[in-house]
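Here is my note for you as a newcomer to this structure. Please keep the model open while you read, and follow the points in order.

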Amino acid sequence: MADIYDTFRDIGIIPVVAIEDASKAADLAHALVKGGLPASEVTFRTACAAEAIEAMIKAEPNMLVGAGTVLNVEQAEKAVKAGAKFIVSPGYNPDVVDWCIKNNVPTMPGISNPSEITACINKGVTHLKLFPAERKGGYKIIDDFGGPFPQCTFMPTGGVTTENVGEYAKRKNILCMGGTWMVKKPLIEGCKWDEITQICKDAVKAMHSFKIEHVGINTKDEDDANKVADEFALFGLTKKVGNSSIFSSDAIEVMKGKGRGTCGHLSVLCNNIERALAYLKQFGFNPVAGTEKWMGKEGASPLKVVYLDKEVGGFAIHLKRAQ
């Protein structure tokens, strides 16, 4: 079951779909996958939810499709029979949670306060949905939950948008984000598949928030590095000497010799390195073993730094988690 929660993290945004016409489900699935969000929480707010789940899975077999707004055991059974891989509820229902545990079905009950979180923990459930997220305090309340409930991760849903998804994505205790903004009813009813795909792509870009932190430049040796840094100083870039490199302001790192990369390296900030690695893998980028640095205990905490094994324009890529 742990693997499916890794998939939630790797995808990052779970589109929350209320679909009135199951005949549109296959095209919607294709649009989401094409946009970089191969997942869907199909809500049981409509009569055709189970049929839509079946259609989406048939259209995109590798897609992570589950059921949302599950209010009772009968709906949970119907959803799983249709092929749902997970169950999400807007609130905490012990009967639904017990059924999911008994049947080994991943579930994210909805919570909005510490009492509900505690009730879930007592059931052994620690991956939770915060709903409605923005009205309950958004990522700030999730920061607060991190103190007393360090074992929990959250899927905030309700009010998450392209504009604020990056702030949610950088939190250590946020597993993924749920949202409807890329699959709003008029877009589905109007068969606006290309528009849905583009909104998904924009959301993925905002979620990762890739940004160049600094450029690392390789030189022949320490003397050469000092010469380069002195020349940058002519342009007002302050020189700061370190053990293995010299920084010319915060934007340029002059290496005292041949560092990684043919020409040097780029330090690229992102909100979550594990999620970024899953995204970049499809483009042929993989982490270089032995270059990892962790935010806490080695191997047990989020990654802070890692190099990639593929150069871009002669520069190695050095991923760094934004603080």
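The points below go from the ground rules to the sheets, the cores and a few local oddities.

1. Ground rules. This is a predicted model, so to speak of local features a pLDDT of at least 70 is needed, side-chain atom pairs count only at pLDDT 80 or more, and totals for chains, interfaces and linings use all residues. Residues are numbered from 1 along each chain as its sequence is written, and side-chain values use heavy atoms, with hydrogens and water left out.

2. The 8-strand sheet. Start with the open sheet of 8 strands, in the order 11-12-13-10-14-17-16-15 and with mixed pairing. Helices and strands here are DSSP runs numbered from the N terminus, with at least four residues (H or I) for a helix and at least two (E) for a strand. Two strands pair if DSSP finds at least two bridges between them. Strand 11 (239–241) and strand 15 (293–294) stand at the edges; each has a single partner strand, so one side of each is left without a neighbour in the sheet.

3. Strands 12 and 13. Strand 12 (residues 245–248) and strand 13 (residues 252–255) run antiparallel and are joined by 4 bridges. One residue pair to look up is Ile-246, whose bridge partner in strand 13 is Val-254.

4. Ser-245. Is Ser-245 in strand 12 buried or exposed? Ser-245 is buried, with a relative accessible area of 7%; buried means under 20%, exposed over 50%, and partly exposed in between (1.4 Å probe, protein chains only). Its side chain makes a polar contact with the side chain of Glu-253 at 2.7 Å. A polar contact is a pair of N or O atoms within 3.5 Å; within protein, one must be able to donate a hydrogen and the other to accept it, and residues adjacent in sequence count only if both atoms are side-chain atoms. Leaving aside neighbours within four places in sequence, Ser-245 is in contact (heavy atoms within 4.5 Å) with Lys-240, Glu-253, Val-254, Met-255 and Lys-256.

5. Asp-224. This residue lies in helix 11 (residues 222–233). The side chain of Asp-224 reaches the backbone nitrogen of Lys-220 at 3.1 Å. Asp-224 and Gly-257 are 33 residues apart along the chain, and their C-alpha atoms are separated by 8.1 Å.

6. The 3-strand sheet. A further open sheet has 3 strands in the order 6-7-8, with parallel pairing. Strand 6 (110–111) and strand 8 (153–156) are the edge strands, each pairing on one side only. Strand 7 and strand 8 are joined by 4 bridges, and Lys-129 stands opposite Met-155 in strand 8. Helix 7 packs on this sheet, touching strand 6, strand 7 and strand 8, and its direction makes about 145 degrees with that of strand 7. For such angles, axes are lines fitted to C-alpha atoms, for helices over the stretch in contact, and the angles run from 0 to 180 degrees between N-to-C directions.

7. Cores. Which residues have the most contacts inside the largest nonpolar core? They are Phe-8, Leu-28 and Ile-196, in a core of 78 residues. Helix 10 gives the most to this core, with 8 residues. Ile-196 is in contact with residues including Leu-28, Ala-31, Met-182 and Leu-187, once neighbours within four places in sequence are left aside. A second, separate core of 13 residues includes Leu-277, Leu-303, Leu-308 and Leu-319. A nonpolar core is a set of buried Ala, Val, Leu, Ile, Met, Phe, Trp, Tyr and Cys residues joined through side-chain atoms within 4.5 Å.

8. Backbone oddities. Most residues other than glycine have a negative phi, and most peptide bonds are trans. Asn-104 has a positive phi of about 60 degrees although it is not a glycine; Asn-104 sits in the loop between helix 5 (94–102) and strand 5 (107–108) and is exposed at 57% relative accessibility. The peptide bond from Phe-131 to Pro-132 is cis, with omega near -15 degrees, and Pro-132 is in the loop between strand 7 (127–130) and helix 7 (138–145).

9. Cys-191. Here too phi is positive, at about 55 degrees for Cys-191, in the loop between helix 9 (185–189) and helix 10 (193–208). Cys-191 is partly exposed at 38% relative accessible area. The disulfide count comes to 0, taking a disulfide as a pair of cysteine sulfur atoms within 2.5 Å. For Cys-191, the nearest cysteine sulfur is that of Cys-48, 13 Å away.
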